[in-house]
Amino acid sequence: MRELGANEKAVIFTESRRTQRYLKEMLVEQGYNVVMFNDQNSDSDAKRIYE
């Protein structure tokens, strides 16, 4: 599993939260660590990165 701060990073933009959830599930199944940003930013990793 890849960790935050790893050399390989990607940013994916989408307007749809449904698409965002789908992409997260698919990438996590492949072993990627995913941090989602949206207007809620309630995820602890997202808050830490934002700060």
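Which residue, with a positive phi, follows helix 1? In this predicted model, that residue is Gly31, whose phi lies near 95°.

## Overall composition

The secondary structure of this predicted chain comes to two helices and zero strands. Of its 51 residues, 10% count as buried, and the accessible surface of the chain comes to about 4800 Å², with carbon and sulfur atoms contributing 47% of that area. Among the contacts in the chain that have a separation of 6 or more, 32% are accounted for by residues 24 or more positions apart.

## Helix 1 and its ends

Helix 1 covers residues 17-29, and its length can be checked against the spacing expected along a helix: at 1.5 Å a residue, its 13 residues should span 18 Å, and because the C-alpha atoms at its ends are 18 Å apart, the two values agree.

At the N-terminal end, helix 1 is capped by Ser16, a side-chain oxygen of which lies 3.2 Å from the backbone nitrogen of Arg18. Beyond the other end of the element comes Gly31, the residue with the positive phi that follows helix 1.

## Two residues of helix 1

Gln20 is found in helix 1, and it counts as buried because its relative accessibility, at 15%, falls under the 20% cut-off. When neighbours within four places in sequence are left aside, Gln20 is in contact with Thr14, Met36, Phe37 and Asn38.

Leu27 also has its place in helix 1, but its relative accessibility is 25%, so Leu27 counts as partly exposed. Not counting residues up to four places away in sequence, Leu27 touches Ile12, Tyr32 and Val34. The contacts of these two helix 1 residues therefore include Thr14 and Met36 for Gln20, and Ile12 and Val34 for Leu27.

## Helix 2 and Asp45

The second helix, helix 2, covers residues 44-50 and includes Asp45. With a relative accessibility of 25%, Asp45 lies between the limits for buried and exposed, under 20% and over 50% respectively, and therefore counts as partly exposed.

Asp45 can also be related to a residue outside helix 2, namely Val35, which stands 10 residues away along the chain; the C-alpha atoms of Asp45 and Val35 are separated by 6.6 Å in the model.

Technical notes:
Residues numbered from 1 in each chain as written. Predicted model: local features only at pLDDT ≥ 70, side-chain atom pairs only at ≥ 80, totals over all residues. Heavy atoms only, no water. Helix = DSSP H or I, 4+ residues; strand = E, 2+ residues; numbered from the N terminus. Buried < 20%, exposed > 50% of the residue type's maximum accessible area, 1.4 Å probe, protein only. Contact = heavy atoms within 4.5 Å. Areas by Shrake-Rupley, 256 points an atom, 1.4 Å probe, with all protein chains shown as cover. Expected span 1.5 Å × (residues − 1). Polar contact = N/O pair within 3.5 Å; in protein donor to acceptor, adjacent residues only side chain to side chain.
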